[in-house]
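Subject: Handing over a structure, with notes

Dear colleague,

Please find below the structure that I said I would pass on to you. I would suggest having the sequence and the 3D view open side by side while you read the notes.

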Amino acid sequence: MNSNIIKGVCITARDVALFEYLFLSKVATARQIFRDVFGSAGLRIVQRRLKLLLDENYLTAAAIPEKPPKLIYSITEKAFNKYLSPRLKRQWTQLKSDSPLHDMVLVDVRSHLRHCPKVISYITENAIESEFDCPLSFPIMPFLEMHSDAAILFKNDGEV
C-alpha cells in the first residue's frame, strides 16, 4: 500500500483520494465522503478517520446552519501543499467554499451524474480553474472566462 507516515499518521492512498475529492468539491459532509470516497467502510470508520485527519491539520470542519446542524469538511493548506499543489497546471488555491450549501448540492449533483451512462466526466470549478484532472480534450478557456461552477462531458449518440 502506498503511504506516507508523518508524525505517526499514515497518509494512505485513500486519504490522498479524499484530499483530491475535497479540493475538487471544496466541501463535503461525512455522508458524502462516505458515499463517494470510502465506499465499503462504515460511516463510523469514516468519521473516525476524518477526526484523525482534523486533529493532524489535514482537514478543517465547520458547522452549517441546517436542522440538525451538519459538519462540512475541507482540506487545509497543509494537505493541499503536500499532496495536490505540485500537480496543478495553473495556480489555484481556493480550498474553502464561499457558498457551502451551494457546493454541498453540487457534490450530490456530481455523484448522481457520475452514474449516468452518457456522462463521461463531471469537471468541478476547482478542476477547471486549476486544470487539475481535466481531460486533455476539454476546451477549458470558455469555462475559465465564465468562472463556471462545473462542466459536463457527455456522449451524444456515441460522440463526445
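What follows is a short tour, element by element, of what was found. Please keep in mind throughout that this is a predicted model.

The sheet and the helix on it

A good place to begin is the open sheet, in which 3 strands follow the order β3-β5-β4 with antiparallel pairing. Its edge strands are β3 (28-29) and β4 (59-64), each of which pairs on one side only. Helix α1 packs on this sheet, where it touches β3, β4 and β5, and its direction makes about 105 degrees with that of β5. If you look at how β3 is held to strand β5 (residues 70-75), you will find 2 bridges between these antiparallel strands, and Thr29 has Ile72 as its bridge partner in β5.

Helix α1 (residues 13-25) also meets helix α5 (residues 100-114), since the axes of the two come within 10 Å and cross at roughly 120 degrees. On the side of α1 the contact is made by Tyr21, Leu24 and Ser25, and on the side of α5 by Asp103, Val107 and Arg110. Sorted by character, the residues of this contact are 3 nonpolar, 1 polar and 2 charged.

Helix α2 and its surroundings

Which residues of helix α2 (residues 30-38) are buried? They are Ala30, Gln32, Ile33, Asp36, Val37 and Phe38. Seen down the axis of α2, these buried residues fall within an arc of 155 degrees, so they line one face of the helix. The elements that cover them include α1, β3, α3 (43-55), β5 and α5. Just after α2 comes Gly39, which takes a positive phi of about 60 degrees.

From α5, one residue to look up is Asp108, which counts as partly exposed because its relative accessibility is 28%. Once its neighbours within four places in sequence are left aside, Asp108 is in contact with Gln32 and Arg35. Although Asp108 and Arg35 are 73 residues apart along the chain, their C-alpha atoms are separated by 9.9 Å.

Aromatic pairs

The structure holds 5 aromatic pairs. One of them is formed by Tyr58 and Tyr83, which are tilted, with 6.5 Å from centre to centre and 55 degrees between the planes. Why does this pair tie together parts that are 25 residues apart in sequence? The reason is that Tyr58 lies in the loop between α3 and β4, whereas Tyr83 lies in helix α4 (residues 77-84). Tyr58 is buried, with a relative accessible area of 1%, and Tyr83 is buried as well, with a value of 8%. Ring pairs also bring in Phe19, so that Phe19, Tyr58 and Tyr83 are linked into a cluster.

A second strand pairing

Finally, please turn to strand β6 (residues 119-124), which pairs with β7 in the antiparallel sense over 5 bridges. Thr124 has Ala150 as its bridge partner in β7. Strand β7 (residues 150-154) has a covered face, made up of Ala151 and Leu153, and an uncovered one, made up of Ala150, Ile152 and Phe154. When you step along this strand, it may help to remember that in a regular strand the side chains alternate between the two faces of the sheet.

With best wishes

Key. Residues numbered from 1 in each chain as written. Predicted model: local features only at pLDDT ≥ 70, side-chain atom pairs only at ≥ 80, totals over all residues. Heavy atoms only, no water. Axes fitted to C-alpha atoms, helices over the stretch in contact; angles between N-to-C directions. Helix = DSSP H or I, 4+ residues; strand = E, 2+ residues; numbered from the N terminus. Contact = heavy atoms within 4.5 Å. Nonpolar A, V, L, I, M, F, W, Y, C, P; charged D, E, K, R; others polar. Buried < 20%, exposed > 50% of the residue type's maximum accessible area, 1.4 Å probe, protein only. Pairing = 2+ DSSP bridges. Arc of directions from axis to C-beta. Phe/Tyr/Trp six-rings, centres within 6.5 Å; stacked < 30°, edge-to-face > 60°.
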